[in-house]
Amino acid sequence: MIMTCVIGAMLALAVIFGGVTGNIGEVSQAALDGAKQAVTLLLNIGGTICLWNGLLEIMNRSGLSGHISKLLQPIIRLLFGSYAKDEECLRYISQNMSANLLGLGSAATPAGLKAAKRLQQLSRERGERPHGVFLLIVINTASLQLLPTTVAAVRASMGSARPFDILPAVWLASAVSVAAGITAVGIFRAVSKK
Amino acid sequence: MTDYIIPFLMLLIIVYGGVRGVDVFDAMCRGIKDGMGVCAGIFPAMLIMLTAVSMLRASGGSELISYALTPVARLLGIPGECIPLALLRPFSGSGALSIGSEIIKSAGADSYPGRVAAVMLGASETSFYTIAVYSAYLGLKNTAYTLPAALSADFAAFVMSGVAVRLLMQ
């Protein structure tokens, strides 16, 4: 629904500005160009998306993803406290986070949903507000992805000399963003008491 | 330094897969096939968004919007061109990718605004969509402070994108 409003507003502005400035001919031409650009962009980045998906499939089958999950468990214990003592919960959260780190959104969501369900169940049993669920959702709305391959592919197609030179900046911005999300949850939780 | 990461990682993944007895070629083909599904999934929204962006740009409207948003951008320390990207990002992943690629194209991939746009895309996620998926699955009627907390994370990502590019890349 929001996207409908966004697109509607953009088109309305394009027609109004185009009419006022006398650029309506260019606007008409641009409608055709935009659709062509979408095909070009997909051709430019589609190969990288596919290649990376192929490599991730190898990582899943070889157990490399599993190793990464294990490495994350101390951090998860720190963030989720006593909830992480539940074996099932810990496993799903670590699968969710490792898939996010690798940029495998399609695997991250199912694991994340299972983790959230388990967290919800645990907080119901304990009669607590589901703060663990909220924390997990907020972490999933922030980006943990280590290699933004799609963005790098866009940069490469637009003539960047080094498409991956944004990595350190992406890591810094992501880390601060995730920390801000976790801190915000902590603050809201403290304010809302219990 | 960043030049080494991708080739070495690819080699590591393939060698480790081979050592652990994975049929590497078969696994890759399977994953690539799944990747084509990902491409098909993002294409419709991308086509709509790029058409609208392209029309708005041709009308001269996008320059006016950028100009109007310059004071806000200056306050946040990010380029004016990147504000529409920040506004759209929490709602639509492929929409944001489309606007971002338009910025990268028109400002230049290695320009300051082009780099900030790329870092913004890499450091944030589609918050509203994620919250909707989780709360629908769990049947949550009240997501409490989830949305403001998620938006704080997004806000931090956008402001930090400007800071990180100036600090690490200029």
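Start at the second largest pocket of this predicted model, which has a volume of about 540 Å³. Select Met10(A), Leu56(B), Ile65(B), Pro84(B) and Ile99(B): of the 24 lining residues, these are the closest to the pocket's centre. Now colour by element. Chain A gives two or more lining residues from helix H1 (2-21). Chain B does so from helix H2 (24-59), helix H3 (61-76), helix H4 (83-88) and helix H5 (93-107). Colour the lining by class next, and you should find 17 nonpolar, three polar and four charged residues.

**The largest pocket**

Move to the largest pocket, with a volume of about 1300 Å³. Its lining has 44 residues, and those closest to the centre are Gly105(A), Ile42(B), Gly93(B), Glu125(B) and Thr126(B). Select these five to centre the view. Which helix gives the most to this lining? Pick helix H7 (residues 127-138) of chain B, which supplies five residues. By class, the lining of the largest pocket splits into 23 nonpolar, 19 polar and two charged residues.

Now give the two domains of chain A separate colours. Domain 1 (1-62) and domain 2 (63-194) each contribute to the lining of the largest pocket, so this pocket lies between them.

**Between the domains of chain A**

Stay with chain A, and hide chain B for a moment. The domain assignment sets domain 1 at 1-62 and domain 2 at 63-194. Place a marker at the C-alpha centre of each domain; the two centres lie 28 Å apart. The contact takes twelve residues from domain 1 of chain A and 14 residues from domain 2 of chain A. About 1100 Å² is buried between these two domains, and carbon and sulfur atoms give 69% of that area.

Select Trp52(A), Leu56(A) and Met59(A). These three supply 44% of the area that domain 1 of chain A buries against domain 2 of chain A, more than any other three residues. How many salt bridges cross the interface of these domains? The rule finds zero between domain 1 and domain 2 of chain A.

**Chain B by itself**

Show chain B and hide chain A. Switch to a cartoon view. Chain B has eight helices and zero strands. Follow the sequence and the pattern reads α-α-α-α-α-α-α-α. Along its principal axes, the C-alpha trace of chain B spans about 60 × 45 × 30 Å.

**Where the chains meet**

Bring both chains back. The contact between them takes 90 residues from chain B and 89 residues from chain A. Together chain B and chain A bury about 7700 Å², with 78% of it on carbon and sulfur atoms. On the chain B side, select Ile13(B), Tyr134(B) and Tyr145(B). They lose the most area to chain A, together 10% of what that side buries.

**Salt bridges**

Finish with the charged pairs. Side chains of opposite charge can pair when their charged atoms come close. Over all chains the count comes to ten salt bridges. Between chain B and chain A there are four.

Zoom in on Asp3(B) and Arg162(A). They form a salt bridge, and their closest N and O atoms are 2.9 Å apart. Then go to Arg61(A) and Asp26(B), another salt-bridged pair, whose closest N and O atoms are 3.0 Å apart. Which helices does this pair join? Arg61(A) sits in helix H2 (residues 24-62) of chain A, and Asp26(B) sits in helix H2 of chain B, so show both helices to see the pair cross between chains.

Definitions and conventions
Residues are numbered from 1 along each chain as its sequence is written. Chains are lettered from A and ligands numbered from 1 in the order in which they are written. This is a predicted model: local features need pLDDT of at least 70, side-chain atom pairs count only at pLDDT 80 or more; totals for chains, interfaces and linings use all residues. Side-chain values use heavy atoms; hydrogens and water are left out. On a 1 Å grid over the protein atoms alone, a cavity is a set of points where a 1.4 Å probe fits but cannot get out, and a pocket is an open set with protein on both sides within 12 Å along at least five of seven lines; lining residues have an atom within 4 Å of a point. Grid points are joined across faces, edges and corners, and a volume is the space filled by probe spheres set on the points. Helices (H or I, at least four residues) and strands (E, at least two) are DSSP runs, numbered from the N terminus. Ala, Val, Leu, Ile, Met, Phe, Trp, Tyr, Cys and Pro count as nonpolar, Asp, Glu, Lys and Arg as charged, and the others, Gly among them, as polar. Domain bounds come from an automatic or database domain assignment. Contact means heavy atoms within 4.5 Å. Buried area is the accessible area (1.4 Å probe) that two parts lose on being put together, summed over both. A salt bridge is a side-chain nitrogen of Lys or Arg within 4 Å of a carboxyl oxygen of Asp or Glu.
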